[in-house]
Amino acid sequence: MLDTVSAGSAHNATQLGWTGVVRFLHFTPRAFLPMRAAEQINLVAGRGIEGDRYMIGNEEGFYSHKPEEGRQVTLFELETLVALKRDAGIELRPEEHRRNVTVEGVPLNHLVGRRFWLGETLLEATRLSVPCRHIEEITGKAIFDPLINRSGLNCKILQGGLVKVGDIVRNAA
């Protein structure tokens, strides 16, 4: 069956239309420190989030020696928090998943290589996030395996600006 699906149809699937919303925003100046909730964050094109550990040029923390252009902001699905509780009996709060932006209604797994708007900022999804083993140490919860296929999305910031809780997330095409 898969050989009958054209390459173009997979591309078209992400252009059918979707709209999501920003539910939570977090940042942390250093790895292993608790995430800080915010009502808004400032994304700086090509660099990262003001005050966050992965701000390119200002990096401090666990991965400081591994700067990565595509890890300027990370997104996570609210739906994954619901699925973790439903399927694995694990309650994970938005600040515990270690991603900056929690969204609802956004097909993160289908956005790699695509551009989309997060409020008035333009992002390009570079790759799916991979959970780190130390997330279990930080949270005290056995979440590595349940998160392996749903751990978020790494994005480059193409056009910066403020992102606020409640902002709309939409396809750029």
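**Figure 1. Buried Asp167 without a salt-bridge partner.** In this predicted model, Asp167 is buried but forms no salt bridge. Lys164 provides the nearest side chain of opposite charge, at a distance of 5.8 Å from Asp167. Asp167 belongs to the loop between β10 (161-164) and β11 (168-171).

**Figure 2. Surroundings of the Asp167 side chain.** A polar atom of the Asp167 side chain lies 2.9 Å from the backbone nitrogen of Lys164. Lys164 thus appears in two roles: its backbone nitrogen is at 2.9 Å from a polar side-chain atom of Asp167, whereas its side chain is 5.8 Å away. When residues up to four places away in sequence are set aside, Asp167 touches Gly20, Val21, Val22, Gly119 and Leu162.

**Figure 3. The largest nonpolar core.** This core comprises 24 residues, and Leu75 and Phe116 touch the most other members. Two or more residues are contributed by each of the strands β1 (19-27), β3 (40-44), β5 (73-77), β6 (101-104), β7 (115-118), β8 (121-128) and β9 (153-159). A second core, separate from the largest one, has 8 residues, including Phe76, Leu81, Leu84 and Ile90.

**Figure 4. Helix α2 and the residue that follows.** Helix α2 spans residues 78-88, and its buried residues are Leu78, Thr80, Leu81, Ala83 and Leu84. Of these, Leu81 and Leu84 are also members of the second, separate nonpolar core. Gly89 follows α2 and has a positive phi, near 70 degrees.

**Figure 5. Ala88 in helix α2.** Ala88 is located in helix α2. Its relative accessibility is 39%, and Ala88 is therefore classed as partly exposed. Apart from residues up to four places away in sequence, Ala88 touches Ala83 and Pro146. Ala83, one of these two contacts, is itself buried. The C-alpha atoms of Ala88 and Ile143 are 8.7 Å apart, although the two residues are separated by 55 residues in sequence.

**Figure 6. The whole protein chain, as context for the close-up views.** The chain contains 4 helices and 11 strands. Of its 173 residues, 44% are buried. Among contacts with a separation of 6 or more, 75% join residues 24 or more positions apart. The exposed area of the chain is about 8,800 Å², of which carbon and sulfur atoms supply 53%.

Notes:
Residues numbered from 1 in each chain as written. Predicted model: local features only at pLDDT ≥ 70, side-chain atom pairs only at ≥ 80, totals over all residues. Heavy atoms only, no water. Core = buried A, V, L, I, M, F, W, Y, C linked by side-chain atoms within 4.5 Å. Buried < 20%, exposed > 50% of the residue type's maximum accessible area, 1.4 Å probe, protein only. Lys, Arg positive; Asp, Glu negative; His and termini not counted. Salt bridge = Lys/Arg side-chain N within 4 Å of Asp/Glu carboxyl O. Polar contact = N/O pair within 3.5 Å; in protein donor to acceptor, adjacent residues only side chain to side chain. Contact = heavy atoms within 4.5 Å. Areas by Shrake-Rupley, 256 points an atom, 1.4 Å probe, with all protein chains shown as cover.
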